[in-house]
Amino acid sequence: MSGVWLVADVGGTNARFALVDGPDGVPSEVRSLPTRDHPGLAEAAAAYVDAVGVRPSAACLAVAGPVADGTYHLTNAGWPKGTLDAVRAHLRLPHLDIINDFEALAYALPRLGADDLILIGDRAPAADAPLAVVGPGTGLGVAGLIPTPSGWVPVPGEGGQVDVPAATDREIEVTRLLRAEKGAATAEYLLSGAGLARIHRYLGTLDGDPGEELTARQISERRDDPRCDEALHMFCGLLGSLAGNAALTLGARGGVYLGGGILPRIADVLRDSSFRARFEGKPPVEDYMRAIPTALIVHPGPALVGAAVRLAQSLPDMEPA
């Protein structure tokens with residue numbers, strides 16, 4: 001296995017690494033390392049390589065943050081900015097790609113099957129038109145995938161940093177509190193793990209009863225608590241509006257996929273929420289929006305799959321030994 005590829009999905013909380021033997025290979029030796037246990041990306045990747053005892057011939061590391069001109073910055077990991085050249089030298093790799101994590105997710109979309117998805121609505125995505133992926137986790141990611149005569153082309157960006165798409169009076173009040181606290185009404189501040197906790201806290205402030213501060217996991221587990229229930233439904237409604245905005249901007253007629261670590265835990269809430277109504281509610285183009293499928297990704301490691309696809313494109317003449 002000395003010629004295998006190293007792939008990674010590095011978020012603000014955890015860095016998941018795996019080995020693959022080609023773009024169609026199933027990730028093996030999958031391990032998750034807490035980012036707080038390592039000073040940077042190179043050190044985390046080196047710790048994994050040392051632990052599995054395999055020297056990869058190439059690697060693609062997908063990171064949660066902007067990547068441009070040979071530099072990267074994990075915005076929620078507490079790591080310093082870094083360069084591709086420094087990581088490649090540290091790992092002694094002949095080839096290294098570093099891409100945005102949602103770019104990797106986008107690469108994976110055409111390879112996801114029916115068992116990897118939960119439909120939110122009555123239509124399945126179709127890989128014959130532009131696609132989009134939106135996902136709340138430690139942060140909020142957005143990317144597109146465009147079909148071209150020479151193959152799929154990802155469109156990464158920092159769509160999580162757009163403004164909160166507040167629509168109801170209650171959401172507007174929550175957004176007002178967000179702006180007062182953070183100085184900006186950035187979508188990621190509400191549509192993320194910390195954002196769900198923030199919504200719950202703001203609802204307590206609006207009700208004059210702050211109560212106990214809860215984590216996103218605690219909120220998702222307390223469905224019978226009225227404030228937790230309201231926070232979850234507000235979260236899903238806001239996400240529906242944001243996903244609809246992404247679909248309109250990218251022309252994602254093939255479908256909008258939902259990723260990230262939060263939504264699979266609240267799939268039932270998502271289906272029963274206003275997500276789909278808010279997604280479609282874009283006058284005067286409601287009919288256009290109704291025709292766009294939405295689906296929740298439940299594959300255990302889609303960004304790892306996408307990283308392998310990227311390597312196959314950047315190394316077209318190279319196959320793992």
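# Why these labels apply

Me: Aspartate 69 is placed in the loop between β5 (67-68) and β6 (71-72); in this predicted model, why does aspartate 69 count as exposed?

Reply: Its relative accessibility is 82%, and the label requires a value over 50%, so aspartate 69 counts as exposed. The backbone of aspartate 69 also has a positive phi of about 55°, although the residue is not a glycine.

Me: Glutamate 29 likewise has a positive phi, near 55°, in a residue other than glycine; where is glutamate 29 found, and what makes it buried, exposed or partly exposed?

Reply: Glutamate 29 is found in strand β3. Its relative accessible area is 39%, which lies between the limit of under 20% for buried and that of over 50% for exposed, and therefore glutamate 29 is called partly exposed.

Me: Proline 39 lies in the loop between β3 and α1 (41-52); why does proline 39 count as exposed, and with which residues is it in contact beyond its neighbours within four places in sequence?

Reply: A relative accessibility of 58% is over the 50% cut-off, so proline 39 counts as exposed. With those sequence neighbours left aside, proline 39 is in contact with Trp79 and Pro80; the C-alpha atoms of proline 39 and tryptophan 79 are separated by 6.5 Å, although the two residues are 40 apart along the chain.

Me: In the open sheet of five strands, which strands stand at the edges, and why?

Reply: The strand order is β3-β2-β1-β4-β8, with mixed pairing. Since β3 (28-34) and β8 (96-100) each have a single partner strand, one side of each is left without a neighbour in the sheet, and these two therefore stand at the edges. From one strand to the next, the twist averages 15°.

Me: How do you know that strand β4 (residues 58-63) pairs with β8?

Reply: Five bridges join β4 to β8, the two running parallel; as pairing requires at least two bridges, these strands therefore count as paired. One of the positions concerned is leucine 61, whose bridge partner in β8 is isoleucine 98. Helix α2 (residues 84-91) lies across β4 and β8, and runs at about 135° to β8, while helix α3 (residues 101-108) lies across β1 (5-10), β4 and β8, at about 95° to β8.

Me: Helix α3 and helix α11 (residues 302-314) pack at an angle of about 80°, with their axes 7 Å apart; what does that make α3 in relation to α11?

Reply: It makes α3 roughly perpendicular to α11, because an angle of about 80° falls in the range of 65 to 115 degrees. The contact involves residues including Leu105 and Tyr107 of α3, and Val305 and Val309 of α11; by class, it has nine nonpolar, two polar and three charged residues.

Me: The axes of helix α4 (residues 169-182) and helix α5 (residues 193-206) come within 10 Å and cross at roughly 105°; what does that crossing make α4 in relation to α5?

Reply: Roughly 105° is also inside the range of 65 to 115 degrees, so α4 is called roughly perpendicular to α5. Among the residues in contact are Arg170, Glu173 and Leu177 of α4, with Arg198, Tyr202 and Leu206 of α5. The contact of α4 with α5 has six nonpolar, one polar and seven charged residues.

Me: What makes strand β10 (residues 131-136) mostly covered, and with which strands does β10 pair?

Reply: Six of the six residues of β10 are buried: Leu131, Val133 and Gly135 on one side, and Ala132, Val134 and Pro136 on the other. β10 pairs with β11 (residues 140-148) in the antiparallel sense over six bridges, and with β13 (residues 255-258) in the parallel sense over four. Proline 136 has leucine 140 as its bridge partner in β11, and leucine 131 has glycine 255 as its partner in β13. Three residues lie between β10 and β11, which form a hairpin.

Me: Which residues have the most contacts inside the largest nonpolar core?

Reply: They are Val134, Leu190, Ile199, Ile219, Val256 and Leu258, in a core of 47 residues. Helix α7 (residues 226-250) supplies the largest share of this core, twelve residues. Leucine 258, leaving aside its neighbours within four places in sequence, is in contact with residues including Ile120, Val134 and Phe275.

Methods. Residues numbered from 1 in each chain as written. Predicted model: local features only at pLDDT ≥ 70, side-chain atom pairs only at ≥ 80, totals over all residues. Heavy atoms only, no water. Axes fitted to C-alpha atoms, helices over the stretch in contact; angles between N-to-C directions. Parallel < 35°, antiparallel > 145°, perpendicular 65-115°, else oblique. Contact = heavy atoms within 4.5 Å. Nonpolar A, V, L, I, M, F, W, Y, C, P; charged D, E, K, R; others polar. Core = buried A, V, L, I, M, F, W, Y, C linked by side-chain atoms within 4.5 Å. Buried < 20%, exposed > 50% of the residue type's maximum accessible area, 1.4 Å probe, protein only.
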